[in-house]
Amino acid sequence: MDYLRVSTEEQKLGFGIASQAKKNARHIKGKSWDHVGTFEDDGVSGSKEMGERPDFDRLMECAERDEFDIVVVEKGDRIGRTGRAFWRWVWALEDINVFVAIVNRNIDNTTPEGRAQMRREADYAETEWENIRSRTQGGLQEKAEEPGTPHIGGRPPFGYRIKHKGTKRASRLVIDKGERKLVRRVYRMVVAENLNFRQIAIRLNAEGRTTRSGRPWSAANLRDRIMSRAVLDAEFVFRGVHAMTDMDGNPVWGESVTIALSRILEEHEAAALRRKVSSRSKPSSGNRAVYPLSGRLIGLCSEPYTGISRESLATGRRNYRCSGKTETVPEQEVCDCSYVDAEAVETRVWSEVVELLGDSEKLERLAAEWVGMAQGDQSAHTERIAELDRQIAALDSSIAAVIVVSAKQQQSANAIAEATASLNAELEQLHQMRAEAAAWLAEIEDADRRARDLRQLARTARHHLADMKPEEQSEVLALLDVKVFMEGPVPLRRGGVPCTVQSWYRSANLAVPASDLSDESWQLIAHLLPTGRGNRVRRSVDAILAKARTGASWPMLREEYGSTSTASKYFNEWAQDGTWSTVNTILDTIERVPLPVLDLVPPMRIEGRVDPRVMLIPGEGSRTGS
């Protein structure tokens, strides 16, 4: 098996996968090994670890199934450019008896000598990576501190373009005339025409104006572009709030640099825009409804549902509404997903969560998925650390012996240092490897403690979680990363309105006729109803009874009973003028069945994973200290 990797930067420099593949193939043939397959990650950084490279992770899955016994890579930095990324993968393979061969050094870790050479290769890869990063970041910092409006890299802020693009030292940020025109137009639409960003986005889309990527505008996207620091303050910050810092909070690669840009909006215009947008922000109301499943409930159209307050309606109920119903372009086709009763779906999901946290076995399985480490890893790392300790002790003895012999020979201090230099370098590598192995072991032990905490939570969760308020439920659902996928239509209710036919029978405290009307029963009530053409009226009556009996929506009854719009119209008229009450009184002797139990929840699949923060039990601190 061979593994190929090239980063995005290497791609830009013209390096590709094909060259690696040829070298690996020659090496495999020269060793007379059987080539069983290839895994490749194209455009993936060498600093990424397991779990962050798609084919890297698929390779591990195949290794665990014992599909091969050695992995071939062209160079050590294909495995990883940091010691952490390099050794964790090599060790994970060693633990399942799979080894690694490096082509350009003609080495592998099947022997002690090979492992020693591999240590040097890992050290070289990390040193080279640090040097590359240092040179790159230093160059960026130097350019950012140049006078004018230097372009540091990446996409320019909206409203600006790159002048002299492709020339590293000369590239500058200048105003893009087309985007400037759009910014100023949006400014006028907000301030002078009193439009909001959603209305403006719809108008722009209707005119065929799109984002840089060619996609339709959304309110959020438009707001982010227009209300950016570049547009409002005419400045761009290099190494801002997300810049890398050391343990003491000091910047690793350089101080923040504020780059002044040419103004698109004058200062007074920017201030007016800020005031107008700020005045539209609605203050949070203490009576605002809480929707724990907002963004977590996914409809049949694959769009998320969000909470929509409907307390003002006669139903007085909360509902979730599919975001796929939002029109961003005039006459755009939107989804036909139904509203979902909030109380019903929240109750169902929360009962599943409480059941999960009350089922210790199920919770442990979920915890194991989060931990992602087998118990065997712990003993393997303990043995690995012990072996490294033995190698360190042996190397210490060797260095001491060299010093003793050199001293007896009355060699100078410089000669002794030169004689022990290579041994000390290898000793430093061993110490680094031991530190990495110890850190990984600590993570495994911490994960084991977390799993024990989860078992404790499982024993106590039912009592603590069953009566949680929606605000508290929302926090736990976030910690469990719960997603609810609808797998069928919403029953009984369309558009957030209860079934009017069933509501009538409930208010009248009546059961429903068990089937369509017989000829005899129809004759008893026919004189109360319109004549109609053919048997249209009778079919409408049967459709009304079927709707009450099954709770099906009108469209679902159309194929069997014909025009359900006619049946709906008749029912509304008859319910209002008392005809339907009379019909049911006359039919009081026919067989009836109870109304179906209201189930407003569609078929759904609930997924989640365990985050360590969920181990906190209300009223207690963290057992892990994390």
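Let's start with a pair of strands: E8 (residues 235-238) and E9 are joined by 4 bridges and run antiparallel. Strands here are DSSP runs of E with at least two residues, helices are runs of H or I with at least four, and both are numbered from the N terminus. Two strands count as paired if DSSP finds at least two bridges between them. Within this pair, Val237 has Thr258 of E9 as its bridge partner. Thr258 also shows up in the alternation along E9 (residues 257-260): Val257 and Ile259 point to one face and are buried, while Thr258 and Ala260 point to the other and are not. Buried means under 20% relative accessible area, exposed means over 50%, and partly exposed is in between, using a 1.4 Å probe and protein chains only.

Before going on, a word on what you're looking at. This is a predicted model, where local features need pLDDT of at least 70 and side-chain atom pairs count only at pLDDT 80 or more, while totals for chains, interfaces and linings use all residues. Residues are numbered from 1 along each chain as its sequence is written, and side-chain values use heavy atoms, with hydrogens and water left out.

Now step back to the whole chain. Its secondary structure comes to 22 helices and 17 strands, and of its 626 residues, 40% count as buried.

Just ahead of E8 sits Ala234, in the loop between helix H10 (229-233) and E8. Ala234 isn't a glycine, yet its phi is positive, near 55°. This residue, Ala234, is buried, with a relative accessible area of 6%. Asn194 has a positive phi too, of about 60°, and is not a glycine either. You'll find Asn194 in the loop between helix H7 (177-191) and H8, where Asn194 is partly exposed, at 43% relative accessible area.

That loop leads us to H8 (residues 197-206), which packs against H9 (residues 219-226) at an angle of about 100°, with the axes 8 Å apart. Axes are lines fitted to C-alpha atoms, for helices over the stretch in contact, and angles run from 0 to 180 degrees between N-to-C directions. H8 and H9 are therefore roughly perpendicular, a label for angles of 65 to 115 degrees; under 35 is roughly parallel, over 145 roughly antiparallel, and the rest oblique. Phe197, Arg198, Ile200, Ala201 and Leu204 of H8 meet Ala219, Leu222, Arg223 and Ile226 of H9.

Further along, the axes of H19 (residues 536-550) and H21 (residues 564-577) come within 9 Å and cross at roughly 80°. That makes H19 roughly perpendicular to H21.

Next, look for the open sheet of 3 strands, in the order E11-E12-E13, with antiparallel pairing. E11 (305-308) and E13 (340-341) stand at the edges with a single partner strand each, so one side of each has no neighbour in the sheet. E12 (residues 319-322) is joined to E13 by 2 bridges, and Asn319 has Asp341 of E13 as its bridge partner.

Finally, the inside. A nonpolar core is a set of buried Ala, Val, Leu, Ile, Met, Phe, Trp, Tyr and Cys residues joined through side-chain atoms within 4.5 Å. The largest one has 36 residues, and those with the most contacts inside it are Leu59, Phe68, Val71, Trp89, Leu93 and Met118. Apart from this core lies another, of 28 residues, including Val501, Leu517, Leu529 and Trp574.

Note on methods: Contact means heavy atoms within 4.5 Å.
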